[in-house]
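Here are my notes from a pass through the model you sent over. Have it open in your viewer as you read.

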Amino acid sequence: MLRVVSGGLWTELHRLAKKNRPHLGAVAYVTSDEAVKFGKGDTLICDATDAAIRSGQTSAAVLRRAHDREARLFSSPGSHAKVSLLGRVAVVGSANLSAMSVNELEEAALISDDARAVSGVRLLIENLVQAADEIDESFLRRIEKLPVVQAQRGSRRRRSVRLVKPRAWLISVVPLEGDKHADEAPVVESERAKAGEETQFSDSEPGYIRFTGPRASVGPPSRATWSSQSGAPTRSRHGRTYSRRSLW
């Protein structure tokens, strides 16, 4: 599994958290345990410095509840990570465990059960624990006494983001063998010349990809060129020759 989730992210995280244990998290700011609760056998690292507590970016009350559920808690000053491991599912994204993230902001995360992602997130959290300060009873009692002055924020209208699945994937591209397709050279050069005329970069060098397969259509090669001037690609309808400069 390898997915990018935006709309419905918190519903998905809540589902994964209920289904999988333990929970390991390195999340900068924590003010909500609505979606993911940390308890016995779980580990949470966050920014629980005096400044974060006083500004309301991290909640002593939420940390107290996690502590009472016997979670291991740590404070990492300056932490800005947002990674979690829910059982054997890695989550790497933009979201804090905060009421604002849950209710107002449009967040996104990559969710994967790939062994490399899982081991990478686990190793990162283990390393962060080694450098962090443990949040024990005395730590909690001290931060619970700190006055909290939250900054006033204007109202935000949450926007919906629709993630469109890729229409094509290039799995493997290899150099062509010698002059095996020399008979196609006139067509290739013609299309490359047209692509060169459409690009706005004089030093661009159009290239091409020869595609064959069960879905390949018979006919002249197609061509598409991209221009980065406006940030949005423009294409001709007859091609798939790409200008290297304008693609990125």
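The points below go from the sheet to the cavities and then to the backbone.

1. First, a reminder that this is a predicted model. Every value here is computed from it.

2. Start with the sheet. It is open and has eight strands, in the order β1-β7-β6-β5-β2-β3-β4-β8, with mixed pairing. The edges are β1 (2–5) and β8 (133–134); each has a single partner strand, so one side of each has no neighbour in the sheet.

3. One pairing to click through is β6 with β7 (residues 109–112), which is antiparallel and has four bridges. Within that pairing, Gly 93 has Ala 109 of β7 as its bridge partner.

4. Now look at what packs on the sheet. Helix α5 (residues 115–131) lies across β2, β3 (43–46), β4, β5, β6, β7 and β8. Against β5, the helix runs at about 115°.

5. How many cavities of 30 Å³ or more does a search of the whole structure find? There are two. The largest holds about 150 Å³ of space. Its lining counts 18 residues, and those closest to the centre are Leu 13, Ser 84, Val 91, Ala 95 and Leu 97.

6. Which element gives the most to the lining of that largest cavity? It is β5, with four residues. At least two residues each come from α1, β5 (82–86) and β6 (89–93). By class, the lining of the largest cavity splits into 13 nonpolar residues, four polar and one charged.

7. The second largest cavity has about 50 Å³ of space. Among its lining residues are Val 30, Asp 33, Lys 37, Phe 38, Leu 44, Arg 69 and Leu 97. Here α3 gives the most, with three residues. The class count for this lining is eight nonpolar, one polar and three charged. Leu 97 deserves a second look: it lines the second largest cavity, and it is also one of the residues closest to the centre of the largest one.

8. Two backbone details to check by eye. Most peptide bonds are trans, and most residues other than glycine have a negative phi. Arg 21 and Pro 22, however, are joined by a cis peptide bond, with omega about -5°. Pro 22 sits in the loop between α1 (9–19) and β2 (23–27).

9. The other detail is Glu 70, which is not a glycine but has a positive phi of about 75°. Where does Glu 70 lie? The residue is in the loop between α3 (60–68) and β4 (72–75).

Definitions and conventions
Residues are numbered from 1 along each chain as its sequence is written. This is a predicted model: local features need pLDDT of at least 70, side-chain atom pairs count only at pLDDT 80 or more; totals for chains, interfaces and linings use all residues. Side-chain values use heavy atoms; hydrogens and water are left out. On a 1 Å grid over the protein atoms alone, a cavity is a set of points where a 1.4 Å probe fits but cannot get out, and a pocket is an open set with protein on both sides within 12 Å along at least five of seven lines; lining residues have an atom within 4 Å of a point. Grid points are joined across faces, edges and corners, and a volume is the space filled by probe spheres set on the points. Ala, Val, Leu, Ile, Met, Phe, Trp, Tyr, Cys and Pro count as nonpolar, Asp, Glu, Lys and Arg as charged, and the others, Gly among them, as polar. Two strands pair if DSSP finds at least two bridges between them. Contact means heavy atoms within 4.5 Å. Axes are lines fitted to C-alpha atoms, for helices over the stretch in contact, and angles run from 0 to 180 degrees between N-to-C directions.
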